[in-house]
Amino acid sequence: MGILEVSNVNKRFGGLQALGDVNLDIASGTVHAIIGPNGAGKSTLLNVLVGKLIPDTGTVLFNGISVLGRNPYQINQMGISRVFQTPEIFSDLSVFENMLIPCFAKRDGAFRLHALESIVAEKQLIEKAEHMLSEVNMADKRHMTASSLSRGDKRRLEMAMCLVQEPKLLLLDEPTAGMARADTNNTIDLLNQIHESREITMVIIEHDMHVVFSLAKRITVLAQGSPLVEDTPANIKGHPKVKEAYLGEAAA
Amino acid sequence: MLGLSKKDTSFLIAVIFLTLATPILLQPFPEGSALAQFNAGYPDLMQRFAIYGIFAIGFNILFGLTGYLSFGHAAFLGVGSYSVVWMYKLLSYNVVPGLILAIIMSGLFALLIGYISLRRSGIYFSILTLAFAQMSFNLAYSVLTPLTNGETGLQVYTDDPQVLMDAASPSSPHFFGIVMNESSKIDVGGWLFTFNNGYYFCAIIAIVVFYLSMRIFRSPFGIMLRAIKTNQTRMNYTGLNPRPYTLAAFVISGMYAGLAGGLLASMDPLAGAERMQWTASGEVVLMTILGGAGTLMGPILGAGFIKYFENIFSKINDTVLHGWFSALPDGLEDAIVFLFHPFIGKGWHLTLGLLFMLVVIFLPGGLIEGGTRIWNSVTGRNRKKKQDQGDHHPKPAAHVN
């Protein structure tokens, strides 16, 4: 049994079948990529996984518990973190404050009225945040406003914010979209390193085949809302069906 | 000290000093001189500085930190005033029970309005709060007249129970015998300083609530509120529920407003519905933006500025102007007075409006930003900063190993 089980998920938007009979079983500790041409339903699937969309039928179980109908913050508290296509960070706050917020959320839950407490007194959390920042090589930028970071750094910060919460499952929505080659490679290295050091299960939605093949242990190909094949990267590369549906279409 | 950093502590001490010395600092011109009318050191005005300062500090916790623009805060001001006057009527002229009731009532009222209004954000939230405040105003003005005495305003009558009153108690608002409208006047070589009990009562409360707001700004809760302002999506996906945070901020700022309203009635034992009107809600928005939203000191500065204009500029009339320019030839004098006429007296709103426009256009950070810019150009910190930035060229992103 995997950490995340998607069974018989269907989602319609008007006349469009966005997801049709999606079944996925994501094993614990793996890096699972979901690929597919534009409009294949990748983002819809991700939104179902984080509770933003409720499917018409089907179930999504995380460690045996349904995630459907829960708020994003409840899903995060269950241990699922999400990295967005465009980095979602607290851009008016300093890098360090950006790191502190997830630490507080992890410790104190969805809400706590700590209006008269001092941040300086939270030595453990500060240490944790600083440690995470140095792990992603951003310790020297801790006082910068997050909006003034480069795009690559914003992405690193966002990932660090997710990782400091020690999630069981990390969802990444096109983590390298719009990045320069060097930044893309940095991100790949970062993700590989994270995976090796923490054994976090990752689900990656990605366009860039270079990224997918350098990261994923399993790949699911989605086409027109349904999974076409699921296999190891080596097998996917030469799979005739994939070539036809995905690479063929991309070339046309 | 007191859970504040060194820098904040010295800031707080400076604020305490300035607040306590206000009766002296606002009296820069000797009595009887031509400029004496610019003196602001009289009790009524100083009380307003402190009270509206409190109002704006509270508003800033909501608007400055979370970015939720409430257009209905005057409702809480009114609730606070009515609470205090009711306590006068039922118990006695001691302000303490009234102020406690004012904070509780406005807190409950804010909980109700906030719970409903905070379902929406942005302009919809603003309109919802505005609608609630106008409803409260109209209720107070013409519907709930047994409770508010309608357009006459709520006041204390001789046949009110006042169960805690005895022959020895003062017959105007007091704090355990310290009567609010009593002052001691000191005449120092032409300068007249008025030390008013009411002002010091408000000032000490203002210092306490300023300290509290400082703690809130520096607390984890304060960071969460600022996080709400910049990115609610990330907030949600970080496992935080923004709703209770905004509601808590709304209630806290409502309680500040209630306290301010209560203090208004503590200085002058009256409460009228016009205190809840939307212009009063708009005023606190102006104060906060003029001073600098999201800064600690800005709202207080803004409040002081607007109240100063309201009370000092509005008093300059044509006769005063003629007096100033009497040295000029008659035709020129009349022309200048004619030119200035729309900006003074009843036209002080025009002056304030122009000033507000200038600040918003050229100093989006408010008067605080202006002050910082002046300070930087005096100390040359700007130049230093620019050199600093030169060193911060984007470095090639380091490889993670």
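**Exercise 1. Is the crossing of α5(B) and α6(B) right-handed or left-handed?** Describe how these two helices of chain B meet, and then compare the description with that of α5(B) and α11(B).

*Solution.* The model is predicted, and every step below is read from it.

Step 1. The axes of α5(B) and helix α6 (residues 122–143) of chain B come within 9 Å and cross at roughly 145°, and the crossing is right-handed.

Step 2. On the side of α5(B), the contact is made by Ile113(B), Ile116(B) and Ser117(B), while α6(B) brings Phe125(B), Leu128(B), Thr129(B) and Phe132(B). Sorted by class, the contact of α5(B) with α6(B) has 5 nonpolar residues, 2 polar residues and no charged ones.

Step 3. Turning to the other partner, helix α5 (residues 95–117) and helix α11 (residues 242–267) of chain B have axes that come within 7 Å and cross at roughly 145°. The crossing of α5(B) and α11(B) is right-handed, and the residues of the contact divide into 15 nonpolar, 9 polar and no charged.

**Exercise 2. Work out the order of the open sheet of 4 strands in chain A, and explain what is special about the strands at its edges.**

*Solution.* Step 1. The strands of this sheet follow the order β2-β1-β4-β5 (chain A), and the pairing is antiparallel. Because β2 (16–26) and β5 (65–66) of chain A each have a single partner strand, one side of each is left without a neighbour in the sheet.

Step 2. Strand β1 (residues 4–13) of chain A is joined to β2(A) by 7 bridges in the antiparallel sense. Within this pair, Leu4(A) stands opposite Ile26(A), and Glu5(A) has Asp25(A) as its bridge partner.

Step 3. The connection between β1(A) and β2(A) is a hairpin with 2 residues between the strands, and Gly14(A) in the turn has a positive phi of about 60°.

Step 4. β1(A) also pairs with β4(A), in the antiparallel sense over 5 bridges, with Asn10(A) standing opposite Thr57(A) in β4(A).

Step 5. Helix α1 (residues 42–49) of chain A lies across β1, β2 and β4 (57–62) of chain A, and this helix runs at about 60° to β2(A).

**Exercise 3. Describe the open sheet of 6 strands in chain A, including its edges and one of its pairs.**

*Solution.* Step 1. The order is β6-β7-β8-β3-β9-β10 (chain A), and the pairing is mixed.

Step 2. At the edges stand β6 (80–83) and β10 (226–231) of chain A, and since each has a single partner strand, one side of each is left without a neighbour in the sheet. From one strand to the next, the twist averages 20°.

Step 3. Among the pairs, strand β3 (residues 31–35) and strand β9 (residues 218–223) of chain A run in the parallel sense over 4 bridges, and His32(A) stands opposite Arg218(A) in β9(A).

**Exercise 4. Set out how chain A is divided into domains, and then how chain A touches chain B.**

*Solution.* Step 1. Chain A is divided into domain 1 (1–79 + 168–252) and domain 2 (90–166), whose C-alpha centres lie 27 Å apart.

Step 2. The contact between these domains takes 10 residues from domain 1 of chain A and 10 residues from domain 2 of chain A. On the side of domain 1, α2 and α6 of chain A each supply at least two residues, and α6(A) gives the most, with 5 residues. By class, that side of domain 1 has 6 nonpolar, 3 polar and 1 charged residues.

Step 3. Between the chains, 38 residues of chain A are in contact with 30 residues of chain B. The side of chain A that touches chain B receives at least two residues from each of α2 (72–78), α3 (95–108), α5 (151–163) and α6 (181–198) of chain A, and by class this side has 19 nonpolar, 11 polar and 8 charged residues.

**Exercise 5. Where in chain A is confidence lowest, and where is it highest?** Add what can be said of chain B and of the complex.

*Solution.* Step 1. Chain A has a mean pLDDT of 87, with 96% of its residues reaching 70 or more. Confidence in chain A is lowest in helix α9 (residues 240–251), at a mean of 63, and highest in α3(A), at 94.

Step 2. Chain B averages a pLDDT of 89, and 95% of the residues score at least 70. Over residues 384–401 of chain B, however, the pLDDT is below 50, and this stretch has 14 contacts in the model beyond near neighbours in sequence.

Step 3. For the complex, the predictor gives an ipTM of 0.90 and a pTM of 0.90.

How values were computed. Residues numbered from 1 in each chain as written. Chains lettered and ligands numbered in written order. Predicted model: local features only at pLDDT ≥ 70, side-chain atom pairs only at ≥ 80, totals over all residues. Pairing = 2+ DSSP bridges. Contact = placed C-beta atoms within 7 Å. Axes fitted to C-alpha atoms, helices over the stretch in contact; angles between N-to-C directions. Left-handed = near helix turned anticlockwise from the far one by under 90°. Nonpolar A, V, L, I, M, F, W, Y, C, P; charged D, E, K, R; others polar. Domains from an automatic or database assignment. pLDDT = per-residue confidence, 0-100.
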